Amino acid sequence: MPSGSCACHYIRYTTTSTPTRLVNCHCTTCRKQAGAPYQAFVHFPIEAIKWEVEPTTWRSSDTASRTFCPKCGSTMSMVLDAEPQQIGIVAGTVDDASQIPEPSDHIFLEEKVPWYGLPADGTGRWQAWSQ
Ligand SMILES: [Zn+2]
Ligand SMILES: [Zn+2]
């Protein structure tokens, strides 16, 4: 099962299941927090994530909470209020990248930056949330 960590390895987690899907979010909050054109999330059942050290939580909007490492600032996860049974783990924190599935969707393309071109990866394309 995948394990993961932040850039400084202070925050670490293990998992008890494989991720269900990989979604790339182009919303403004993800772009700013990632410092990149989009944020890639691998989805897990929330009970599958075992934090060895809990990351710091902040409210990123009135619909979601996100976490980060208080030492190095790495963004770690997001949970939507509407889907509390699921957690989006920031894909770049997974130690063994071969354990991440192929991407399924690009979401929030209505907020995508013009300086990044989408790859021809055969994924779903959504202006906001995927259906
Ligand atoms: Zn860290
Ligand atoms: Zn987003």
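Me: What makes C6, A7, T67, F68 and C69 contacts of S74 in this model?
Reply: Bear in mind that this is a predicted model. A contact needs heavy atoms within 4.5 Å, and S74 touches C6, A7, T67, F68 and C69 on that basis, with residues up to four places away in sequence left out of the list.

Me: And where does S74 sit, and why is S74 called buried?
Reply: S74 is in the loop between β7 and β8. Its relative accessible area is 17%, and buried means under 20%, so S74 counts as buried.

Me: How do you know which residues are the protein donors of the zinc ion (ligand 1)?
Reply: The cut-off for a donor N, O or S atom here is 2.8 Å from the metal. The SG atoms of C6, C8, C69 and C72 lie 2.3 to 2.4 Å from the zinc ion (ligand 1), so they pass as donors. Along the sequence, the spacing of these donor residues reads C-x1-C-x60-C-x2-C.

Me: What makes C6 and C72 a link between distant parts of the chain?
Reply: They're 66 residues apart. C6 belongs to the loop between β1 (3-5) and β2 (12-15), while C72 belongs to the loop between β7 (64-68) and β8 (75-80).

Me: Why is the site of the zinc ion (ligand 1) called tetrahedral?
Reply: Four donors get that label if all angles lie between 85 and 135 degrees. The 4 donor atoms here give angles of 106 to 115°, so the site is tetrahedral.

Me: Are C6 and C72 buried or partly exposed, and how do you know?
Reply: Buried is under 20% relative accessible area, and partly exposed runs from there up to 50%. C6 has 4%, so C6 is buried. C72 has 34%, so C72 is partly exposed.

Me: What makes strand β4 mostly covered?
Reply: Strand β4 spans residues 39-45, and 6 of its 7 residues are buried.

Me: How do you know which strands pair with β4?
Reply: Pairing takes at least two bridges. Strand β3 (residues 21-25) has 5 bridges to β4, so they pair, in the antiparallel sense. Strand β9 (residues 86-90) is also joined to β4 by 5 bridges, again running antiparallel. As for individual partners, C25 stands opposite Q39 in β4, and V42 is bridged to I89 in β9.

Me: What does UniProt place at residues 2-105, and what does the chain look like there?
Reply: UniProt, in an unreviewed entry, places the feature "domain: CENP-V/GFA" there. Over residues 2-105 the chain is 7% helix and 45% strand, with the end C-alpha atoms 21 Å apart.

How values were computed: Residues are numbered from 1 along each chain as its sequence is written. Chains are lettered from A and ligands numbered from 1 in the order in which they are written. This is a predicted model: local features need pLDDT of at least 70, side-chain atom pairs count only at pLDDT 80 or more; totals for chains, interfaces and linings use all residues. Side-chain values use heavy atoms; hydrogens and water are left out. Donors are N, O and S atoms within 2.8 Å of the metal (3.2 Å for Na, K and Ca); water is not among the atoms, so sites may look incomplete. Four donors count as tetrahedral if all angles lie between 85 and 135 degrees; four count as square planar and six as octahedral if opposite donors are over 155 degrees apart and all others between 65 and 115; anything else is irregular. Helices (H or I, at least four residues) and strands (E, at least two) are DSSP runs, numbered from the N terminus. Buried means under 20% relative accessible area, exposed over 50%, partly exposed in between (1.4 Å probe, protein chains only). UniProt positions are given in the numbering used here, feature names are shortened, and annotations may be inferred rather than shown by experiment.
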